[in-house]
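User: I should like to examine the reasoning behind the terms applied to a protein model. Please set each value against its criterion before drawing a conclusion.

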Amino acid sequence: MNKVALSILGLAALVTTPAIAADMAVKAPVVAAPPALGWTGFYIGGNIGGVSNSNSGTSNFTDTLANLSFPAGNRINATGFIGGAQAGYNWQFAPRWLVGIEADGDFTNAKYSFCRGTIAPGVCGDTGFGTDSLSSKTAWLSTVRGRFGTIAMDKFLIYVTGGAAWGRVDTTATQSCLVGGCGVSPLATAGTSSSSVTRSGWAAGLGGEWNIDGNWFARAEWLHVDLGNVTSSVSTAGFAGSTQTFSWSRGERFDQFRIGLDYRFWHG
């Protein structure tokens with residue numbers, strides 16, 4: 001009887017052993033998913049694009065002896081190239097949220113010019129008291145801004161940004177009169193005044209970034225910069241010792257459209 005029982009147990013072991021082995025073979029070890037790439041870290045990069053410069057304000061011609069004043073509203077738009085570098089630091093404080101700080105400096109060739117008659121502002125020419133003209137160029141723009149954004153699919157960042165801005169505006173104002181003009185006969189007169197001012201203001205905008213591969217990031221950004229009012233003027237001699245002055249006070253505003261590339265030195 002014992003021999004029969006042992007035989008049955010041995011047969012059962014032979015039948016179940018392959019099944020157990022098969023079950024063990026199909027159960028692959030559990031592999032943890034790789035951690036999502038973080039956005040925390042210091043970065044540096046470059047940008048290039050276009051800039052639109054909007055200028056609006058009031059120009060004026062005055063004569064102290066005749067007590068003349070001929071103000072006129074003026075608005076001029078100009079476009080140009082912009083390019084430079086940026087650097088900053090990001091903190092990813094939650095799976096999908098990011099704050100950061102960024103500074104940039106860009107060179108630009110945005111420039112414009114206009115002229116007006118003294119006593120007939122809508123006419124570009126001598127209307128009895130001479131011609132006034134002005135040319136201006138913005139040499140550079142720079143900002144320091146905070147950033148706040150949200151991360152999508154671990155690869156894309158959409159953000160808003162705002163902060164302080166600076167820029168240098170170079171201006172040349174000219175007032176000229178033909179022979180016998182400006183009440184000064186028989187000589188022609190002319191005056192020129194050049195100035196270079198660095199203005200401060202504010203900047204705000206929005207943009208997006210894409211993690212191309214590891215530490216490299218591509219970006220596209222729109223940024224509005226407002227440098228406030230800039231006033232330029234020039235004075236010349238008028239009739240019988242009078243002083244004639246041409247001035248223009250205008251708001252300097254810029255819209256930048258830039259693309260760029262950043263390299264981040266480490267990430268969390």
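The exchange below takes up the terms one after another.

User: What kind of model is this, and which elements does the protein have?

Analyst: The model is predicted. The protein has one helix and ten strands, and from the N terminus on the order is α-β-β-β-β-β-β-β-β-β-β. Of the 268 residues, 36% are buried. The exposed surface amounts to about 13800 Å², of which carbon and sulfur atoms supply 68%. Among contacts between residues at least 6 apart in sequence, 71% join residues at least 24 apart.

User: Why is Asn53 called buried?

Analyst: The term requires a relative accessible area under 20%. Asn53 has a relative accessibility of 0%, and therefore counts as buried. The residue is found in strand β1, which spans residues 41-63.

User: What makes the approach of Asn53 to Asn55 a polar contact?

Analyst: The cut-off for a pair of N or O atoms is 3.5 Å. The side chains of Asn53 and Asn55 make their polar contact at 3.4 Å, so the distance falls within that cut-off. In addition, a polar atom of the Asn53 side chain lies 3.1 Å from the backbone oxygen of Arg253.

User: Which residues beyond its sequence neighbours are in contact with Asn53?

Analyst: With neighbours within four places left aside, Asn53 is in contact with Ile76, Asn77, Ala78, Ala110, Tyr112, Thr138, Glu252, Arg253 and Phe254. For each of them, the criterion is heavy atoms within 4.5 Å.

User: What makes the set that includes Val51 and Phe254 a nonpolar core?

Analyst: Membership requires buried residues of the nonpolar kinds, joined through side-chain atoms within 4.5 Å. Ten residues make up the largest such core: Val51, Ile82, Ala110, Leu141, Ala165, Ala203, Leu223, Val225, Leu227 and Phe254. Strand β9 (residues 216-237) gives the largest share, three residues. Apart from this core lies another, of nine residues, among them Ile76, Tyr112, Ala173 and Val234. As a general matter, nonpolar side chains in soluble globular proteins tend to be buried together.

User: Which contacts does Phe254 make?

Analyst: Leaving aside neighbours within four places in sequence, Phe254 is in contact with Val51, Ser52, Asn53, Thr138, Leu141, Leu223, His224, Val225 and Leu227.

User: How do you know that Arg96 and Asp154 form a salt bridge?

Analyst: A side-chain nitrogen of Lys or Arg must lie within 4 Å of a carboxyl oxygen of Asp or Glu. The closest N and O atoms of Arg96 and Asp154 are 3.0 Å apart, so the pair meets the criterion. Arg96 lies in the loop between β3 (72-94) and β4 (97-108), and Asp154 in the loop between β6 (131-152) and β7 (156-177), so the salt bridge ties together parts that are 58 residues apart in sequence.

User: Why are Arg96 and Asp154 called partly exposed?

Analyst: The class covers values between the buried limit of 20% and the exposed limit of 50%. Arg96 has a relative accessible area of 36% and is therefore partly exposed. Asp154, at 27%, is likewise partly exposed.

User: What makes Arg147 and Glu209 a salt bridge, and are they buried or exposed?

Analyst: The closest N and O atoms of Arg147 and Glu209 are 2.8 Å apart, so the pair satisfies the 4 Å limit. Arg147 is in strand β6 and Glu209 in strand β8 (residues 189-213), with their positions 62 residues apart in sequence. Both Arg147 and Glu209 are buried. They also belong to a network of salt bridges, whose members include Glu102, Asp104, Arg145 and Arg219. The whole structure contains 16 salt bridges.

User: What places Arg250 and Glu252 under the heading of salt bridges?

Analyst: Their side chains meet at 3.3 Å, N to O, so this pair also lies within the 4 Å limit. Arg250 and Glu252 are both buried.

User: How do you know that β6 pairs with β4, β5 and β7?

Analyst: Pairing requires at least two bridges between two strands. β4 and β6 have eleven, in the antiparallel sense; one bridge partners Trp97 with Thr150. Strand β5 (residues 111-117) and β6 have seven, also antiparallel, and Phe114 has Leu134 as its partner. β6 and β7 run antiparallel and are joined by 21 bridges, with Thr131 partnered by Ser176. Each count reaches the required two, so the three pairings stand. In the hairpin of β6 and β7, three residues lie between the strands, and Met153 takes a positive phi near 55°.

Conventions:
Residues are numbered from 1 along each chain as its sequence is written. This is a predicted model: local features need pLDDT of at least 70, side-chain atom pairs count only at pLDDT 80 or more; totals for chains, interfaces and linings use all residues. Side-chain values use heavy atoms; hydrogens and water are left out. Helices (H or I, at least four residues) and strands (E, at least two) are DSSP runs, numbered from the N terminus. Buried means under 20% relative accessible area, exposed over 50%, partly exposed in between (1.4 Å probe, protein chains only). Accessible areas come from the Shrake-Rupley method with a 1.4 Å probe; for residues, only the protein chains shown count as cover. A polar contact is a pair of N or O atoms within 3.5 Å; within protein, one must be able to donate a hydrogen and the other to accept it, and residues adjacent in sequence count only if both atoms are side-chain atoms.
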